[in-house]
Amino acid sequence: MFVAFLLIWFVFNEKVTLEILLFGIGVSAAVYAFCCFFMGFSFRKDLRLMRKLGLILAYAATLLWEIICSNIAVLKVLFHPRKKPHPVIVSFRTTLKTPIARVLLANSITLTPGTITVTLEEDVYRIHCLDESFADGLGGGRILRILERLEA
């Protein structure tokens, strides 16, 4: 987290001099200490996060790919000359245990075009799909598998 604060400092300053570097290290250390003391951050948590950085990047890349594929699927449904969309509401359960992972899955579903998370109660999702064909991969997709690995 300290490194992220320092990088943000450099981006905002647009150049790197010795004075900016030293002042940035001081400000970043102060903000990091504040976060550790008042917000529950710690160096151990940062190390655990760094170990999972590959999975986090895989999640981001997979989500981006799903958004692109969903855009194409929505365009096909909307511009098909004879096929009309058949909206449905689908419910499914997930094996995710932590609230953060459940909310990430709900937001990932909402970010992909053609689907909206209507409700999330414990481990039960209710999803509105623009077309019934969009409901096929909701319960066990790649994003869900990545989130399960991130939880472990």
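# Exercises on a predicted model

Phenylalanine 5 lies in helix H1. The model from which this and every other statement here is drawn is a predicted one.

## Exercise 1: a residue in the opening helix

Determine which residues phenylalanine 5 contacts once its neighbours within four places in sequence are left aside, and find how far its C-alpha atom is from that of glycine 24.

*Solution.* Begin with the distance: phenylalanine 5 and glycine 24 are 19 residues apart along the chain, and their C-alpha atoms are separated by 8.6 Å. Next, collect the contacts, which, with neighbours within four places set aside, are Ser28, Val31, Tyr32 and Cys35. To place the segment that follows H1, note that glutamate 14 sits in the loop between helix H1 (2-13) and H2. Glutamate 14 is not a glycine, and yet it has a positive phi of about 65 degrees. Its relative accessible area is 72%, so glutamate 14 is exposed.

## Exercise 2: a residue of helix H2

State whether phenylalanine 37 is buried or exposed, and give its separation from alanine 58 both in sequence and in space.

*Solution.* Phenylalanine 37 is part of helix H2, which covers residues 18-38. Its relative accessibility is 65%, and because exposed means over 50%, phenylalanine 37 counts as exposed. As for the separation, phenylalanine 37 and alanine 58 are 21 residues apart in sequence, while the C-alpha to C-alpha distance between them is 31 Å.

## Exercise 3: the packing of two helices

Work out how H4 is oriented relative to H5, and describe the residues through which the two helices meet.

*Solution.* The geometry comes first: helix H4 (residues 53-79) and H5 have axes 9 Å apart and pack at an angle of about 30 degrees. Since angles under 35 degrees count as roughly parallel, H4 is roughly parallel to H5. On the H4 side the meeting residues are Tyr59, Leu63 and Ile67, and on the H5 side they are Leu104, Ser108 and Leu111. Sorted by class, this contact of H4 with H5 has 5 nonpolar residues, 1 polar residue and no charged residues.

## Exercise 4: an arginine in helix H5

Explain why arginine 102 counts as buried, and identify the backbone oxygen that lies 2.9 Å from a polar atom of its side chain.

*Solution.* Arginine 102 belongs to helix H5, residues 99-111. Its relative accessibility is 16%, and because buried means under 20%, arginine 102 counts as buried. The backbone oxygen in question is that of leucine 96, at 2.9 Å from a polar atom of the arginine 102 side chain. With neighbours within four places in sequence left aside, arginine 102 is in contact with Leu96, Lys97, Leu120, Glu122, Asp123 and Tyr125.

One of these partners, glutamate 122, deserves a further step. Glutamate 122 lies in the loop between strand E2 (115-121) and E3, and has a positive phi of about 55 degrees although it is not a glycine. With a relative accessible area of 61%, glutamate 122 is exposed.

## Exercise 5: strand E3 and the loop after it

List the contacts of cysteine 129 and those of aspartate 131, and decide for cysteine 129 and for aspartate 131 whether the residue is buried or exposed.

*Solution.* Cysteine 129 lies in strand E3, and with a relative accessible area of 0% it is buried. Apart from neighbours within four places in sequence, cysteine 129 is in contact with Pro87, Val88, Val90, Gly114, Thr115, Phe134, Ala135 and Leu138. Its C-alpha atom and that of histidine 80, 49 residues apart along the chain, are separated by 17 Å.

Aspartate 131 is found in the loop between strand E3 (124-129) and helix H6 (142-151). At 2% relative accessibility, aspartate 131 counts as buried. Not counting residues up to four places away in sequence, aspartate 131 touches Val77, Lys83, Lys84, Pro85, His86, Pro87 and Val88.

## Exercise 6: the chain as a whole

Establish how many helices and strands the chain has, and why it is described as more spread out than a compact globule.

*Solution.* The chain has 6 helices and 3 strands, which follow the pattern α-α-α-α-β-α-β-β-α along the sequence. Its radius of gyration is 21 Å, whereas the globule rule gives 15 Å for 152 residues; the value for the chain is well over this, so the chain is more spread out than a compact globule. The C-alpha trace spans about 65 × 35 × 25 Å along its principal axes. Of the 152 residues, 28% count as buried. Finally, of the contacts between residues at least 6 apart in sequence, 62% join residues at least 24 apart.

Notes
Residues are numbered from 1 along each chain as its sequence is written. This is a predicted model: local features need pLDDT of at least 70, side-chain atom pairs count only at pLDDT 80 or more; totals for chains, interfaces and linings use all residues. Side-chain values use heavy atoms; hydrogens and water are left out. Helices (H or I, at least four residues) and strands (E, at least two) are DSSP runs, numbered from the N terminus. Buried means under 20% relative accessible area, exposed over 50%, partly exposed in between (1.4 Å probe, protein chains only). A polar contact is a pair of N or O atoms within 3.5 Å; within protein, one must be able to donate a hydrogen and the other to accept it, and residues adjacent in sequence count only if both atoms are side-chain atoms. Contact means heavy atoms within 4.5 Å. Axes are lines fitted to C-alpha atoms, for helices over the stretch in contact, and angles run from 0 to 180 degrees between N-to-C directions. Angles under 35 degrees count as roughly parallel, over 145 as roughly antiparallel, 65 to 115 as roughly perpendicular and the rest as oblique. Ala, Val, Leu, Ile, Met, Phe, Trp, Tyr, Cys and Pro count as nonpolar, Asp, Glu, Lys and Arg as charged, and the others, Gly among them, as polar. The radius of gyration is taken over C-alpha atoms; the globule rule is 2.2 Å times the number of residues to the power 0.38.
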